[in-house]
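User: Hello! I am new to this structure and would like a friendly tour of it. Could you take my questions one at a time?

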Amino acid sequence: AQNFRTGIYPIYVEGAQAGGDSNRVDVQNARIWYGEPGRMTPSARIASGTFLAGDSVSVQQARLRVGPFPLLYLPRYTHALEEPPLSLSLTGGYRSDLGVFVESETVAPINDYLRAGANLNVYTRRGILVGPVAQYRHSRGDSALRGSLNTGWISDGSDSRRGNDFLGREISQERGFVEWRHLQQYGERFQIVGSASYWSDAEVTRDFRRRQFRDNQSPDTFLESSYAFDNVVVSAFGRFRPNSFQQVVERHPEVRVDMLPMALGETGAYHRGSLSYVRLQERSVNELLGQSVIDSELDRLDATYRLQRPFRLTDWMTLTPLAGGRITHYTNQQQDAAFNPNFDDRNYTRSLYELGFDLEARAYANYPTRNRLWGVDGLRHIVRPVARYRYFSDPGGNAENRIAAIDRQIFNLNRPLLDFSDIRSIDTLQETHLVRLGIENQILTRQAIYGSRQLAAFNAYQDVHFQRNERYTGARERTLEATWLEFMLQPAHWLRFNVMSRFQTERMKLEELRTRIALVSGEIWELGFSNDQLDSKLDQYRVDFLYRLSERYSLLIDSRYDARDSRFIATRFGVYTRIGSAWEVLYAVTFRENAQREDDVEFSVQMSLVGQP
């Protein structure tokens with residue numbers, strides 16, 4: 001073809017010459033747009049290029065530009081079609097603590113494997129934040145890696161607005177952050193995953209990277225590698241503490257060998273086990289209260305083993321008795337007296353065992369129900385009653401004063417784990433004796449093409465404690481300790497409803513409630529209601545509403561209300577629009593009340609390339 005024009009969203013091409021077939025097209029002297037051609041659409045003039053259908057485009061001598069503005073020259077570049085050719089976001093606005101501000105993040109391709117750019121933020125009352133940004137990805141055969149680096153540094157010139165962090169410590173003038181993420185796969189068996197977050201202070205991302213702070217308010221730094229054999233996984237996991245304001249359990253590192261459940265010969269039984277070694281260290285500092293540094297450290301060797309044998313009682317019921325043990329050896333233990341004045345042992349070995357069973361029944365019924373409005377083509381109801389019994393032996397031997405407890409129980413209202421080897425609060429294991437009764441329900445219908453679609457689910461669980469241990473509140477558990485109710489309803493694409501609740505059974509006191517309902521009217525509007533209630537500590541409600549005024553304009557409202565304080569925490573009004581086909585713009589004004597570090601009123605304009613995260 002001569003003087004051609006063609007394209008498949010989001011790529012459009014115009015050029016002097018093209019040839020090929022439905023799988024591969026070669027072009028010469030062409031111009032490529034990301035999005036429909038327009039004045040501000042990102043584009044590239046190329047000497048030649050090759051399109052692989054639905055996969056990628058490889059170009060030579062490309063001159064990348066946005067509208068009439070040139071960005072860079074690429075001698076050779078391969079671009080995956082599922083992602084935009086560059087990442088660009090621009091936000092501007094006003095906050096009294098920042099002044100007039102402009103925040104930008106730009107990432108452009110350097111070669112086939114690397115994209116690089118920079119953060120550049122300007123605040124009239126704080127200074128300039130700048131830092132390099134990079135994204136990398138590479139694949140060859142069944143091996144691949146991908147990752148990102150995001151940084152920023154600022155000399156914060158506002159002494160009065162920096163204030164103190166949540167520990168009451170004065171925030172220094174030199175502030176910055178480094179965020180690194182990495183995922184790597186070698187073949188089908190070896191994997192490396194890592195995350196590193198360095199913050200100069202606890203408030204730096206809250207002040208200057210608010211979207212990032214909303215998703216990550218407690219930064220984590222770790223590195224893990226694992227190799228999977230046929231039935232065994234060998235791994236090494238390290239967790240580190242680069243931020244002085246955090247209390248972190250450091251692992252230097254934890255080396256594990258996990259044997260997955262596997263058949264024990266021809267006996268019909270299955271066994272599993274694990275062996276791990278770790279050096280743990282915990283440091284906590286509270287300068288606000290003037291306390292001394294509390295140090296705890298230990299070396300721990302831990303081994304677990306479980307044997308279980310399922311018996312088929314009937315076609316619809318299975319009984320699985322199980323037994324297991326756990327041996328843990330502690331050495332080189334040290335603990336500050338302020339943390340446990342009765343600690344008196346450097347070396348200690350603890351042996352525990354578990355006994356229990358799982359009783360499960362399964363039943364289903366089919367109904368020839370049809371409904372066009374709800375897209376129902378037959379119904380299947382699956383019900384699964386379960387009963388799980390567990391007994392963990394008493395550690396005895398004054399274990400609480402002989403272990404420098406670091407991996408200990410934390411605040412958690414989720415259903416407690418019942419598999420001995422999966423429990424992570426190893427250092428504070430207690431005698432446990434309970435039965436968990438539950439019933440799980442699913443209602444499914446046929447998909448139009450293949451498989452099934454879940455319309456509704458209802459699960460209920462009740463824990464019965466024969467051994468009453470200490471709760472997170474410091475009180476003793478009750479025999480009927482907790483009831484969990486979970487409900488999900490999604491009969492059509494335009495209605496979603498979820499409820500998760502926890503009751504203190506004997507007193508019928510609601511400890512936790514989370515709900516979410518969403519209504520979608522085609523492409524016209526979306527309305528959502530949600531709430532979070534937690535044991536007289538949290539009672540908040542949220543409404544979010546999106547209304548499409550036209551093809552280019554949408555109205556956004558997002559409001560959060562705190563019932564305990566009888567006030568609206570934050571309410572945002574915004575208007576979405578598009579510039580051409582490639583750019584999305586959000587104009588927003590946010591009203592807050594009694595926020596710790598944010599203004600009561602904020603205005604912002606955010607522009608980003610369509611298709612980027």
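**A guided tour in questions**

Analyst: Happy to help, and let us begin with one residue: leaving out residues up to four places away in sequence, Thr-369 touches Val-376, Asp-377, Gly-378 and Leu-379. Please keep in mind that this is a predicted model.

User: Is Thr-369 buried, partly exposed or exposed?
Analyst: Thr-369 belongs to strand 22, which covers residues 363–371. Buried means under 20% relative accessible area and exposed means over 50%. Thr-369 has a relative accessible area of 33%, so the residue is partly exposed.

User: How far apart in space are Thr-369 and Gln-60, C-alpha to C-alpha?
Analyst: Along the sequence, Thr-369 and Gln-60 are 309 residues apart. In space, their C-alpha to C-alpha distance is 58 Å.

User: Which strands stand at the edges of the open sheet of six strands?
Analyst: This open sheet has the strand order 1-2-3-4-5-6, and its pairing is antiparallel. Two of its strands have a single partner strand each, so one side of each is left without a neighbour in the sheet. Those at the edges are strand 1 (2–8) and strand 6 (69–80). Neighbouring strands of this sheet are turned against each other, direction ignored, by an average of 20°.

User: What is the bridge partner of Gln-2 in strand 2?
Analyst: Strand 1 and strand 2 (residues 11–20) are antiparallel and pair over six bridges. They form a hairpin, with two residues between them. In strand 2, Gln-2 has as its bridge partner Gln-17.

User: And which residue in strand 6 is the bridge partner of Val-66?
Analyst: Strand 5 (residues 56–66) runs antiparallel to strand 6, and 10 bridges join the two. For Val-66, the bridge partner in strand 6 is Phe-69.

User: Which residues closest to the centre of the largest cavity line it?
Analyst: Four cavities of 30 Å³ or more turn up in a search of the whole structure, and the largest has a volume of about 210 Å³. Strand 3 (24–34), strand 4 (42–52), strand 5 and strand 6 are the elements that give two or more residues to the lining of this largest cavity. Of its 17 lining residues, the closest to the centre are Ile-32, Ala-44, Leu-64, Tyr-77 and Pro-85.

User: Which residue in the turn between strand 16 and strand 17 has a positive phi?
Analyst: Strand 16 (residues 248–263) and strand 17 (residues 270–284) run antiparallel and are joined by 12 bridges. Within this pairing, Met-262 stands opposite His-271 in strand 17. The two strands form a hairpin with six residues between them, and the turn residue with a positive phi, about 60°, is Gly-265.

User: Is Ser-393 buried or exposed?
Analyst: Ser-393 sits in the loop between strand 23 (376–392) and strand 24 (432–446). Leaving aside neighbours within four places in sequence, its contacts are Ser-351, Leu-352, Tyr-353, Gln-430 and Glu-431. A polar atom of its side chain lies 3.0 Å from the backbone nitrogen of Tyr-353. With a relative accessible area of 5%, Ser-393 is buried.

User: What is the relative accessibility of Phe-311?
Analyst: Phe-311 lies in strand 19 (residues 311–314). Not counting residues up to four places away in sequence, Phe-311 touches Met-317, Thr-318, Leu-319 and Pro-321. Phe-311 counts as partly exposed, and its relative accessibility is 39%.

How values were computed: Residues are numbered from 1 along each chain as its sequence is written. This is a predicted model: local features need pLDDT of at least 70, side-chain atom pairs count only at pLDDT 80 or more; totals for chains, interfaces and linings use all residues. Side-chain values use heavy atoms; hydrogens and water are left out. Two strands pair if DSSP finds at least two bridges between them. Helices (H or I, at least four residues) and strands (E, at least two) are DSSP runs, numbered from the N terminus. Axes are lines fitted to C-alpha atoms, for helices over the stretch in contact, and angles run from 0 to 180 degrees between N-to-C directions. Buried means under 20% relative accessible area, exposed over 50%, partly exposed in between (1.4 Å probe, protein chains only). A polar contact is a pair of N or O atoms within 3.5 Å; within protein, one must be able to donate a hydrogen and the other to accept it, and residues adjacent in sequence count only if both atoms are side-chain atoms. Contact means heavy atoms within 4.5 Å. On a 1 Å grid over the protein atoms alone, a cavity is a set of points where a 1.4 Å probe fits but cannot get out, and a pocket is an open set with protein on both sides within 12 Å along at least five of seven lines; lining residues have an atom within 4 Å of a point. Grid points are joined across faces, edges and corners, and a volume is the space filled by probe spheres set on the points.
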